[in-house]
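Colleague: I am new to this protein and would be glad of a guided look at one part of it. Could you take me through the sheet and what packs on it?

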Amino acid sequence: MAGYQPKIELVDVGRQKLRTAIWQGGGRERPLLFFNGIGANLELVGPLGEMMRERSDVVVFDMPGIGGSPAPTFPYRPSTVATWSNRILDEFGYSDVDVMGISWGGGAAQQFALTNPDRARSLVLLATSAGMVMVPGNISALSKMANPRRYIDPDYMMSNFETLYGDAADNSAMGHKSRIIAPSKLGYAYQLMAMAGWTSIHRLPFLKQPTLVMSGDKDNIVPLANARILKAVIPRSDLKIVKGGGHLFAVSRAQQVVPTIARFLDDHADDYLQQNTASAQV
């Protein structure tokens, strides 16, 4: 339902409050915990939240100093983000969840799945990498991505949209522009530093969850080669390539992408539990 407004609350996760949104779904499947990209406020995934809520609840939160969350009170790491996520899920009474992350949020999603194997049942990784061990993107795109001006100055973002995201600045880009809330400089810097030196590459071979890896073949920021690396090292993974898709394919091509994600989650709704039950009986 277009224009559906999520339930939004400020949740205390311990020394920090985080603005959290829930798109309350009509379906009965597991809730979906979503981790956003760097500097991105929760409104930017509104199209995904609205479409996925037909299947289940969707939970998204702003990082400190991003969107509507208060400024960070201390530096944090991906493990901190996983702890915050658990507290948010506990606050709303969620137990098992499916987990999805895009770009920076893909690293946070990996961290959450690795440290919470009994809570994270399935994993979806969009336009992301294994962290420090990655094939770098286009230098021009990366230099613009590191500049928070792409959020603070919408005209700058639109004029560099194709360089940044690999997609032409069409109607979907205009919608993206209208949903932007500029991050604070401190919030952006802390989020950028959170992943400094972090990698999951040595732990991914032990990842138990069924995992869907998706990448656009025109991604200037996280090239397709990174998705191939994730597919190679994650035991129970599938790779889907979005032809012509840039870094924001999950939003710009939501009509194409969301059904693929929903089918994957539905196909693996029970097999994680069955696999662990079988392992316990051996």
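Modeller: Happy to; here is the sheet, followed by the helices and one residue in a strand.

This is a predicted model, in which local features need pLDDT of at least 70, side-chain atom pairs count only at pLDDT 80 or more, and totals for chains, interfaces and linings use all residues. Residues are numbered from 1 along each chain as its sequence is written, and side-chain values use heavy atoms, with hydrogens and water left out.

The sheet is open and has 8 strands in the order β1-β2-β4-β3-β5-β6-β7-β8, with mixed pairing. Here strands (E, at least two residues) and helices (H or I, at least four) are DSSP runs, numbered from the N terminus, and two strands pair if DSSP finds at least two bridges between them. At the edges lie β1 (7-12) and β8 (237-242), each pairing on one side only. On average, neighbouring strands of the sheet are turned by 20° against each other, direction ignored; axes are lines fitted to C-alpha atoms, for helices over the stretch in contact, and angles run from 0 to 180 degrees between N-to-C directions.

Helix α3 (residues 104-115) packs on this sheet and touches β3 (32-35), β5 (97-102) and β6 (120-126), its direction making about 150° with that of β5. Contact means heavy atoms within 4.5 Å.

Towards the β8 edge, strand β7 (residues 211-216) runs parallel to β8, and 6 bridges join them. G216 stands opposite V242 in β8.

Now look at helix α10 (residues 224-233), where L224, N226, A227 and L230 are buried, meaning under 20% relative accessible area (exposed is over 50%, partly exposed in between; 1.4 Å probe, protein chains only). Seen down the axis of α10, its buried residues fall within an arc of 155°, so they line one face of the helix. That arc is taken from the directions from the helix axis to the C-beta atoms. The buried residues of α10 pack against α3, β6, β7 and β8.

Finally, find R19 in strand β2 (residues 17-23). R19 counts as buried because its relative accessibility is 13%. Its side chain makes a polar contact of 2.7 Å with the side chain of D62; such a contact is a pair of N or O atoms within 3.5 Å, where within protein one must be able to donate a hydrogen and the other to accept it, and residues adjacent in sequence count only if both atoms are side-chain atoms. Not counting residues up to four places away in sequence, R19 touches several others, including I8, L10, V60 and F61.
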